[in-house]
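Visitor: Please take me through one part of this model in close detail. I would like to see how the two chains meet.

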Number of protein chains: 2
Amino acid sequence: MYKANITITLRSSILDPQGKAALHALGELGFKSVQSVRIGKVVEMEIDSDSLAAANQIAEKACKELLANSVMEDYHIELHELVSS
Amino acid sequence: MYKANITITLRSSILDPQGKAALHALGELGFKSVQSVRIGKVVEMEIDSDSLAAANQIAEKACKELLANSVMEDYHIELHELVSS
């Protein structure tokens, strides 16, 4: 069993209104040293597969077909094996 | 200048309907080996501060005061220094 941590963020050329709102709110709260905020998604997925390569392929396919919008978003996959207890 | 990557996830005891919906959709698309999906937020923040410790304190405070809901969510902060070019 593998666990995939997938980070999905808006491409840097795409405006991030949610991040802008958080930056503004932080400014109002006195966080003057925060220069920029961008907000994305993280998807934690447990994948039952024989190998790291197969799990990576499944995570990659899931991003392309469902999780990420390839026009506006970038994704990054980190995988590690889950040790069953 | 430091960059904070903050991962905010629902506590494991809290139901994640967005993750459940993604898991169901992946099942419909034929991803039979995906066992569980949980979806959270990632906040990328640039912090102008003198030290890593100070940047960490700011990120921590921002999570507590605005970004995370401490009743329902856990957060994890990763920091690294940005080298100005």
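Guide: Start with a term. Two strands count as paired if DSSP finds at least two bridges between them. The model here is predicted. In it, 13 bridges join strand 2 of chain A to strand 2 of chain B. These two strands run antiparallel. For one facing pair, look at Val34(A), which stands opposite Ile47(B) in strand 2 of chain B.

Now widen the view to the sheet. Strands of a sheet pair through backbone hydrogen bonds, either parallel or antiparallel. Here six strands form an open sheet, and the pairing is antiparallel. Read across, the order is 3(A)-1(A)-2(A)-2(B)-1(B)-3(B). The edges are strand 3 (73-81) of chain A and strand 3 (73-81) of chain B, and each pairs on one side only. On average, neighbouring strands are turned by 20° against each other, direction ignored.

Step to the other neighbour of strand 2 of chain A. Strand 1 (residues 2-10) of chain A is joined to strand 2 (residues 34-47) of chain A by seven bridges. This pair also runs antiparallel. Within it, Lys3(A) stands opposite Glu46(A).

Next, the helices. Helix 1 (residues 17-28) of chain A packs on the sheet and touches strand 2 of chain A together with strand 2 (34-47) of chain B. The direction of this helix makes about 125° with that of strand 2 of chain A. Helix 1 (residues 17-28) of chain B packs on the sheet as well, touching strand 2 of chain A together with strand 2 of chain B. Its direction makes about 125° with that of strand 2 of chain B.

Now the contact as a whole. Chain A gives 31 residues and chain B gives 31 residues. The area buried between the chains is about 2,600 Å², and carbon and sulfur atoms give 67% of that area. Phe31(A), Val42(A) and Glu44(A) supply 20% of the area that chain A buries against chain B, more than any other three residues.

What about polar links? The count of salt bridges between chain A and chain B is zero. Polar contacts do occur: 10 residue pairs across the interface, with both residues at pLDDT 80 or more.

Finish on the chain A side. Strand 1, helix 1, strand 2 and helix 2 (52-67) of chain A each give two or more residues to the side that touches chain B. Strand 2 of chain A provides the largest share, 14 residues. By class, this side has 18 nonpolar, six polar and seven charged residues.

Methods: Residues numbered from 1 in each chain as written. Chains lettered and ligands numbered in written order. Predicted model: local features only at pLDDT ≥ 70, side-chain atom pairs only at ≥ 80, totals over all residues. Heavy atoms only, no water. Helix = DSSP H or I, 4+ residues; strand = E, 2+ residues; numbered from the N terminus. Axes fitted to C-alpha atoms, helices over the stretch in contact; angles between N-to-C directions. Contact = heavy atoms within 4.5 Å. Buried area = accessible area lost by both parts, 1.4 Å probe. Salt bridge = Lys/Arg side-chain N within 4 Å of Asp/Glu carboxyl O. Polar contact = N/O pair within 3.5 Å; in protein donor to acceptor, adjacent residues only side chain to side chain. Nonpolar A, V, L, I, M, F, W, Y, C, P; charged D, E, K, R; others polar.
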